[in-house]
Amino acid sequence: MRKQIAAANWKMNLTHPEMVQLMDQLLDNAPSLNAEQEVVLAVPFLYLEAVRQRLQGMSGYRVAAQNCHHKTSGAFTGEVSAPMLASMGIPDCVIGHSERREYQAESDALLAQKVDRCLEAGIRPIFCCGEALSVRETGTQNAFVAEQIRAGLFHLSPEALSGIVIAYEPIWAIGTGKTASSAQAQEMHEAIRGVLAEQYGAHVAGQIPILYGGSVKGSNAAELFGGADVDGGLVGGASLNATEFRQIIAALK
Ligand code: PGA
């Protein structure tokens, strides 16, 4: 069975005391995970080391960066590279979140490079894709997302692809309180797995966890995660509340 993952995306939230409090609440009698389940906390660079230390020795709990640079080193003031993350023991990195695609103008070609830098450094990319409302309104969302997957990932070998996680996040559902229905999520996840299977075969496609993101909450997680191809969630707002996020962890298959 492929991994079932509850991933928190804190984005640019929480001061240091707030972060410490959230970690205390989350880890006090922390939910135990079975061998197929993971909890991933994607946190601001500044808190990576503190969160990594707190999670040490906790089976299935991992820390992630929210981004990395597409080069390994150099004169890029303010940036952080994949080899730096790896050297600090950071196992995962979110790549291509829609907020970075939009506000930092990150292109598919750039994201393909970031995926490569992560894999070279031994970091597992959590590769984000998803369509805007205008795309969904024209009914072309499957083709749109398939193109994001092709452009960002299809240069990878089957072995390399097996090491990634995909997060499908419809932009119209992020931070809006509007969730895709469980049927809409399952339909897209099945389509994504189909795109992967066409290129890499059903066996490889079947190994890739595909997470749903967009207004996942404690109250809707179990229904969303119920889809056969929905392997957990990437959670923004609700991951800042320990009670909510623990409900989401409990909803994993
Ligand atoms: P949200 O964000 O859960 O607040 O909608 C999800 C995300 O952007 O990863």
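1. F154 and Y200 are both buried. In this predicted model, their ring centres are 5.6 Å apart and their planes stand at 80°, so the pair is edge-to-face; the angle exceeds the cut-off, since planes over 60 degrees apart count as edge-to-face. F154 belongs to the loop between α7 and α8 (158-161), and Y200 to helix α9, so this contact of rings ties together parts that are 46 residues apart in sequence.

2. The structure holds two aromatic pairs, and the other is formed by Y168 and Y212. Here the centres lie 6.4 Å apart and the planes are at 55°, so the pair is tilted. Y168 is found in strand β6 and Y212 in strand β7, so the pair ties together parts that are 44 residues apart in sequence. Y168 has 0% relative accessibility and therefore counts as buried. Y212 is likewise buried, its relative accessible area being 0%.

3. The tyrosine pair should be read together with the pairing of its strands. Strand β6 (residues 165-168) and strand β7 (residues 210-213) run parallel and are joined by three bridges. Y212 is the bridge partner of Y168 in β7, while I166 of β6 stands opposite I210 in β7.

4. On its other edge, β6 pairs with β5 in the parallel sense, over four bridges. Within this pairing, the bridge partner of I126 in β6 is V165.

5. The side chains of β6 deserve a separate remark. In a regular strand, side chains alternate between the two faces of the sheet. In β6, V165 and A167 point one way, whereas I166 and Y168 point the other way. All four of these residues are buried.

6. These strands are part of a wider arrangement. Eight strands form a closed barrel in the order β1-β2-β3-β4-β5-β6-β7-β8, with parallel pairing. From one strand to the next, the twist averages 25°. Helix α7 (residues 141-153) packs on the sheet and touches β5 (124-129) and β6; the direction of α7 makes about 150° with that of β5.

7. Helix α9 (residues 182-200) lies across β5, β6 and β7, and α9 runs at about 145° to β7. The same helix carries Y200, the partner of F154, so the edge-to-face pair involves a helix that lies across these three strands.

Terms used
Residues are numbered from 1 along each chain as its sequence is written. This is a predicted model: local features need pLDDT of at least 70, side-chain atom pairs count only at pLDDT 80 or more; totals for chains, interfaces and linings use all residues. Side-chain values use heavy atoms; hydrogens and water are left out. Two strands pair if DSSP finds at least two bridges between them. Helices (H or I, at least four residues) and strands (E, at least two) are DSSP runs, numbered from the N terminus. Axes are lines fitted to C-alpha atoms, for helices over the stretch in contact, and angles run from 0 to 180 degrees between N-to-C directions. Contact means heavy atoms within 4.5 Å. Buried means under 20% relative accessible area, exposed over 50%, partly exposed in between (1.4 Å probe, protein chains only). Rings of Phe, Tyr and Trp (its six-membered ring) pair if their centres lie within 6.5 Å; planes under 30 degrees apart count as stacked, over 60 as edge-to-face and the rest as tilted.
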